[in-house]
Amino acid sequence: MGAYLVRKTASFVCVLFIISALTFLTLQVLPGDPAQLLLGTESSPQALAALRRELGLDKPAPVRFGQWLVDFVQGDFGRSIRYSVPVKDLVVQALPVTLSLAVWAVAVSLGIAVLLGVLSAAYMARWWGQVVRIISQLGMAVPQFWIGILLIQVFGVQLRLLPAGGYSNWQSLILPIATLALPRTAVLTNMVQVGLSDVLKSDYIRTAKSKGLPWRKVLFKHAFVNGAIAVATSASIQLIQLVAGTIVVEQVFGLPGIGQLLLNGVLQRDLPLVQAITVFVAVGVLIINLLMDYLLMFLDPRVRFE
Amino acid sequence: MRYKLGLAALAVLLTIAVSSSALSATLNVAVSADPDTFDPTRTVAAATVEIAFNIYEGLVKAAPDGSLVGALAAEWDVSSDQKTYTFTLREAFFHSGRKVTAEDVVNALNRARNPEIASRWSDFALVETIEGEGNTVVIRLSQPNAAFLYTLAEVNAAIYPAEAEGLSSQPVGTGPYKLAEWRPNNFIRLERFDQHWSGQVPYYDQVVFRIIPDQHSAVLNLLSGTVDLIPRMEASVYHQVASNPRIKVVSAPMNLVQILAVNNQRPPFNDVRVRRALAMAVNREDMIFGAAWGFAQALYSGLSPAMAQFFRDGLENVNPYDPVRARELLEEAGADGLRFTLTLPSDYPLHVQTGEIAAQQWEAIGIDVDIELVEWGTWLDRVYTQRDYDVSIVGLAGRLDPHAVLVRYTTGNSRNFFNFSNPEFDRLIQEGLSRQGSDRIAVYHRAQEILAQEAAGVFVMDPEQLAAMRQEIQGWQHYPVYVVDAASLYE
C-alpha cells in the first residue's frame, strides 16, 4: 500500500509536469502574443517592445518556463496579463461557480438516470420503457448550447421564473445545471439501461428469480450492484467531460467560471492564467481518477492494487 | 402580545425594504469584455475606456459632438506660436476626498509621457516641459501640434492623486462615478460620487457593468429585465428587440472605418489599377444590407462622417461601383486571372460577412478569391505586425482628431499595415499639425481625396452603434469615441 502511494504520487507529479510543459509549448507555437493582443490595431513597435519587456516576454522561452515553474511550486501563480490581478484571486473567484455547476449536474443526472434506467431496463417491454429510450436518444443528439438558449427563452424570457444569465445567486445556476445535466442524464440513462439489461439476462438472475425471490429484491440487490460498476466508471468520465461542457454553458449563460476564464486566457495568450487553470484542472482529473479506482475496488472485489 | 410585536417589527422591516429599494436606482449595463487595467497610463483596451470615462477625467474631455470642453481645467489659453498651453484648474475633488492640485496634474502627465511605463507615451512625444504652480499648469511643446489638445481628452491623460498606488484594480479619479467592486468575468460596480466638481448628481446611485460576452445572452438579459442597457448591440440581433414595445434602440455612426485592407507593396496590388478594380467591383449597398442589416453608412475614404467637421463628402464618384470598368482595369494592368487570399478575422462577424460578400463580388469579375479565417491573435500577428497578407478586413476605431486617424496611412508609420505610400499625402499630414481652422480642414479634405483616388484600400462602411435600452431610460448620449456616459442617463 505504501509503495503504491509513492508510485501514484510520483506519476501525479510527472503527469502535471508534462501537462504544464505541453500547455506552455502550445501557447508558444500559437501565433500572436499577449502584448500584441493588448495593444491591438493602435500599437507601435516601441510600445510593443516596452510592454513585452514589462511582461517579461523578451526573455527566452525556456527561461520563462523555468521561472514560472519555480514560482508555481512556491505557490506564486503569477499575475494575469489580461486582467492585471493575481491569477490566484481569479481562480478562487471562479472555482466555486464551476464546481457547483459540475457537481450538481452530475448528481442530478445520476439520480434521474438511475431511476429511469432501472425502470426502463426492468420494464423494457412496456410502452414507457420504449419512451424513455427514445427520449434518451434525443437528449444525446441535441447540442448543449441550443438546450441552453431554449431554456433561457422559456424560463428566463417568457415565464420570467429564473434569471436569463449572469451570476447573482443560486437561482442563476438552475438553468445552467439543467443544461449540463440533460444530455448527461440521457447518456447515463442509456448506460444504466444497457448495463442492467445485460445483467438481467444472466444465469444468476434467472436462478434468483426461480428460487422465488421477490422481483424488487432481485432487481436492486442482485442486478443493480453489478450494473453499477459500469455506471460509476461512466459517471466519472462524464464528470471530467463536464469541464469541457462548462466552457460552452458558462459562455451561453455569462457565468464567471473557470471555463470562461480559460477561454479568455487562451484567446488573450494570457500564459500565467492558462498555465494555472490547466494544472488545477489536471489535478482535479487525477483526483477523480484516484477516487474512482477506490470506488471500483469497493464495488468489485476482484479489482486489487497491483 | 409577542405576536403583535413581531408583526410590528415585520411591518417596519418591510417598510424599510420597500423605501430603500425605491430610493436606490441601479442601472445594469451589458458589456462584452472586462477592462484590461484601470491604470490610465497603461490601459490600451477599448473595454476599459468605455467604463473609465465615468471614473477618470483629464484636463479636458470630449463632448457628444466631438468638440472639447473643460473638465479639470476650467479654461485654457494657447500662445500665438501654438507651442505653449496654459490651463487654469477648477476646484475639484478626487474620490478619496482630497482636492486636485497642479502637482497631481504634472505627475500624471509626466507619467503618461514616460516611455518606461506609459503605453501611449508617443502621443506626448512633442511635449517639452510640464510645470504646475497654484492652480495653473503650463505645457510647452517643441513644435505646434493642432491635435495635442485632443490627446489630453484620452483616458491615458487622466488625472489621479500623485500618491495613488494600485490604480490597476483600485482607480481613484474625479469622475461622477467611483469604482466600488470589480469581479473579473462577472461585473464592475460603480457608485455615484457626490462631490463631483459640476455639482450635478447623477440619477443612478449605482451602475453595474455586467460582462456578457455572447450577444444573444445579452439580448435575452435585456428582454428579461436583468439588464437595462446594451450600449453596443450587434445589428444581427436587432430583430430580436425591434418589435418589443418595452425596448427602444437608438442609433448613430460609430466613428469606425471598416476597410478591406490591401497590401499595397505586394504585386500586383502595387499597381493602382488593380486596387481601383477591387474598389470598383464592390457594391457597398449589398454589403451594408447583407452584413450590417442596413445599419451603416457607406465610406469612400479614411474618415467617418461622424467627424463632421473634417469629413470630405462626395467621394463616391471617384471609384464608383462599375464591374465592367473594374474588369477592364484588371486587363489593362495585366492582372486578369488574378488569384489572392482574403484573410478574415473570425472574432468579428460583421467583418467576416462583409468579406464574404466582397469575395463573391470580386469573383463576379473573374478574380479567384481564397477565403482564410483566422482568430484575432493570429490576425494581429500575421496581418498587422508582419504585414504578411494579400487582402484582409478590419475596423479602425475613430478618434477625436483627424490626424490620429489619417497618420496611419503615411509612409513608414508603424500602424500603416497597408504599406500605403504617397509623398503628397505624407506632406499634407505633416502640414495639418501646424494649420488652423479652415486651412486645416482643407488639408484633411485633400488627404481624404488622395486615399480615395489611390485606392489605398477599399473603404466600406461606418457601422451604426445601436444602443438598446429599456423604454423608460432617457438621456442617452452618443459620442464619437468608445464610451458609455452613465451620468447623463435618467428615467
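Helices (H or I, at least four residues) and strands (E, at least two) are taken here as DSSP runs, numbered from the N terminus. The model is a predicted one, in which local features need pLDDT of at least 70 and side-chain atom pairs count only at pLDDT 80 or more, while totals for chains, interfaces and linings use all residues. Residues are numbered from 1 along each chain as its sequence is written, chains are lettered from A and ligands numbered from 1 in the order in which they are written, and side-chain values use heavy atoms, with hydrogens and water left out.

Chain A comes to twelve helices and zero strands, and its C-alpha trace spans about 85 × 60 × 30 Å along the principal axes. Of the 306 residues in chain A, 45% are buried, where buried means under 20% relative accessible area, exposed over 50%, and partly exposed in between (1.4 Å probe, protein chains only).

On the surface of this chain, F145(A), W146(A), I149(A), L150(A), V154(A), L159(A), L161(A) and V248(A) make a nonpolar patch of about 710 Å². Patches are made of residues with over 30% relative accessible area and no salt bridge, like charges being joined within 9 Å and nonpolar side chains (Val, Leu, Ile, Met, Phe, Trp, Tyr) within 5 Å; the accessible areas come from the Shrake-Rupley method with a 1.4 Å probe, and for residues only the protein chains shown count as cover. Helix 7 of chain A, residues 144-158, gives the most to the patch, with five residues. L150(A) is found in this helix 7 of chain A, and its relative accessible area of 42% makes it partly exposed. In the loop between helix 7 and helix 8 (174-200) of chain A lies R160(A), whose phi is near 55°, a positive value in a residue other than glycine; R160(A) counts as partly exposed, at 41% relative accessibility.

Salt bridges, each defined as a side-chain nitrogen of Lys or Arg within 4 Å of a carboxyl oxygen of Asp or Glu, come to 37 over all chains. In chain A, the side chains of K8(A) and D293(A) meet in one of them, at 3.5 Å from N to O. This pair links distant parts of the chain, with K8(A) in helix 1 (residues 2-29) and D293(A) in helix 12 (residues 271-299), 285 residues apart. K8(A) is partly exposed at a relative accessible area of 26%, and D293(A) is also partly exposed, at 31%. Residues of both chains appear in a network of salt bridges that links E54(A), D39(B), R42(B) and R111(B).

In chain B, R98(B) and D104(B) form a salt bridge through their side chains at 2.8 Å, N to O; here R98(B) is partly exposed, with a relative accessible area of 27%, whereas D104(B) counts as buried at 2%. Another pairs the side chains of R435(B) and E431(B) at 2.9 Å, N to O, and R435(B) counts as partly exposed at 29% relative accessibility.

The loop between strand 13 (256-262) and helix 7 (272-280) of chain B holds D271(B), and P268(B) is found in the loop between strand 13 and helix 7 as well. The peptide bond from P267(B) to P268(B) is cis, with omega near 0°. D271(B) is buried, with a relative accessible area of 18%, and a polar atom of its side chain lies 2.8 Å from the backbone nitrogen of R273(B). M280(B) has its place in helix 7 of chain B and is buried, with a relative accessible area of 4%. The C-alpha atoms of M280(B) and N135(B) are separated by 56 Å, the two residues being 145 apart along the chain.

Further along, W293(B) lies in the loop between helix 8 (284-291) and strand 14 (296-298) of chain B; W293(B) has a positive phi of about 55° although it is not a glycine, and it counts as partly exposed at 44% relative accessibility.

The interior holds one last feature. On a 1 Å grid over the protein atoms alone, a cavity is a set of points where a 1.4 Å probe fits but cannot get out, and lining residues have an atom within 4 Å of a point. The count comes to two cavities of 30 Å³ or more, and the largest has a volume of about 90 Å³, taken as the space filled by probe spheres set on the points, with grid points joined across faces, edges and corners. Its lining includes A279(B), R284(B), Y300(B) and F459(B). Helix 14 (437-453) and strand 18 (457-470) of chain B each supply at least two lining residues, and the largest share, three residues, comes from strand 18.

Notes
Polar contact = N/O pair within 3.5 Å; in protein donor to acceptor, adjacent residues only side chain to side chain. 1 Å grid on protein atoms, 1.4 Å probe; cavity = no way out; pocket = protein on both sides within 12 Å on 5 of 7 lines; lining within 4 Å.
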